[in-house]
Amino acid sequence: FYQIPDRKKSDFTVILLSVVASVTLHELTYWIFLLHNIWVQILLAVVLAIIFARIVQSSLFTFCNEKIFHIKTYPFGRLWNAFFKVNSATVLRISLLDGSCYIGQLGRVSFDPNDDVQEIEILNPYVYVKPKAKVKKIHETASMLLQGNAIISIEKIRDQEARKLYDLPVR
């Protein structure tokens, strides 16, 4: 259930999916260990693990969970990753703990949950002055790297608003 975290799961859903997962894993292990070559067993186990990880990350897995179980999935329990699974022309407004606020096009994002520091890169940044709701281009800066532990909130800016600042393709 780390694959499909959601607070709405009933006990029945948890029990049903746990039994289905257990039986499936039991059968797979049984068939793998019928093979007598240890290297084939290891190779097959690794290949199956990669395949299952890809399935969990797929849009088909998300669709099936929403339709069958009414569960919104975030592969590997990372809402952070799901939030940033967007196209490269996404514009963000990022508010920091020190009160500053920046607007920029999404560059890159840290996705490894084992990293000590989660980071976001924004391109062609603007400073957003909160009380006046004005934006000011930072001309000398091509990109900014912001640490996740300094961020209060991240907002995706609507396309029509983002086009006022950037020359973006129409979607």
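**Side-chain contacts and strand β3**

At a relative accessibility of 32%, N124 counts as partly exposed. The model described here is predicted. N124 has its place in strand β3, which covers residues 119-129. Its phi angle is near 50°, a positive value in a residue other than glycine.

Aromatic contacts were examined next. A pair of aromatic rings is described by the distance of the centres and the angle of the planes. Two aromatic pairs are present in the structure. In one of them, the ring centres of Y30 and W31 lie 5.4 Å apart and the planes stand at 80°, so the arrangement is edge-to-face. Because its relative accessible area is 44%, Y30 is classed as partly exposed. W31, with a relative accessible area of 55%, is exposed.

Y126 and Y166 also form an aromatic pair, with 5.5 Å from centre to centre and 90° between the planes, and this pair is edge-to-face. Y126 belongs to strand β3, whereas Y166 falls in the segment after α5 (159-162), so the contact ties together parts that are 40 residues apart in sequence. Both partners were assigned to an accessibility class. Y126 has a relative accessible area of 12% and is therefore buried. Y166 counts as buried as well, at 7% relative accessibility.

Charged groups are also placed over aromatic rings. The charged end of K137 sits over the ring of Y126, at 5.1 Å from the centre of that ring. Y126 thus takes part in the aromatic pair with Y166 and also lies beneath the charged end of K137. A further charge-ring contact involves R93, which lies over the face of Y128 at 4.8 Å from the ring centre.

Salt bridges were then considered. Side chains of opposite charge can pair when their charged atoms come close. The count of salt bridges comes to three. R93, the residue placed over Y128, forms a salt bridge with E155, and the closest N and O atoms of this pair are 2.9 Å apart. The two residues join distant parts of the chain, with E155 in strand β6 (residues 151-156) and R93 in strand β1 (residues 91-96), 62 residues apart. E155 counts as partly exposed because its relative accessibility is 30%.

Strand β3 contributes to a salt bridge through E121, whose partner is R108; here the closest N and O atoms are 2.9 Å apart. E121 lies in strand β3 and R108 in strand β2 (residues 101-109), so this salt bridge ties together parts that are 13 residues apart in sequence. The partners fall into opposite accessibility classes. E121 is buried, since its relative accessible area is 13% and buried residues have under 20%. R108, at 61% relative accessibility, counts as exposed.

Another salt bridge is formed by E161 with K164, the closest N and O atoms being 3.2 Å apart. E161 counts as partly exposed at 39% relative accessibility. K164 is placed in the exposed class because its relative accessibility is 61%.

In summary, several of the contacts described involve strand β3. Y126 of this strand pairs with Y166 in the segment after α5, and E121 of this strand is linked by a salt bridge to R108 in strand β2. N124, with its positive phi angle, is likewise in strand β3.

Methods
Residues numbered from 1 in each chain as written. Predicted model: local features only at pLDDT ≥ 70, side-chain atom pairs only at ≥ 80, totals over all residues. Heavy atoms only, no water. Helix = DSSP H or I, 4+ residues; strand = E, 2+ residues; numbered from the N terminus. Buried < 20%, exposed > 50% of the residue type's maximum accessible area, 1.4 Å probe, protein only. Phe/Tyr/Trp six-rings, centres within 6.5 Å; stacked < 30°, edge-to-face > 60°. Lys NZ or Arg CZ within 6 Å of the ring centre and 35° of its normal. Salt bridge = Lys/Arg side-chain N within 4 Å of Asp/Glu carboxyl O.
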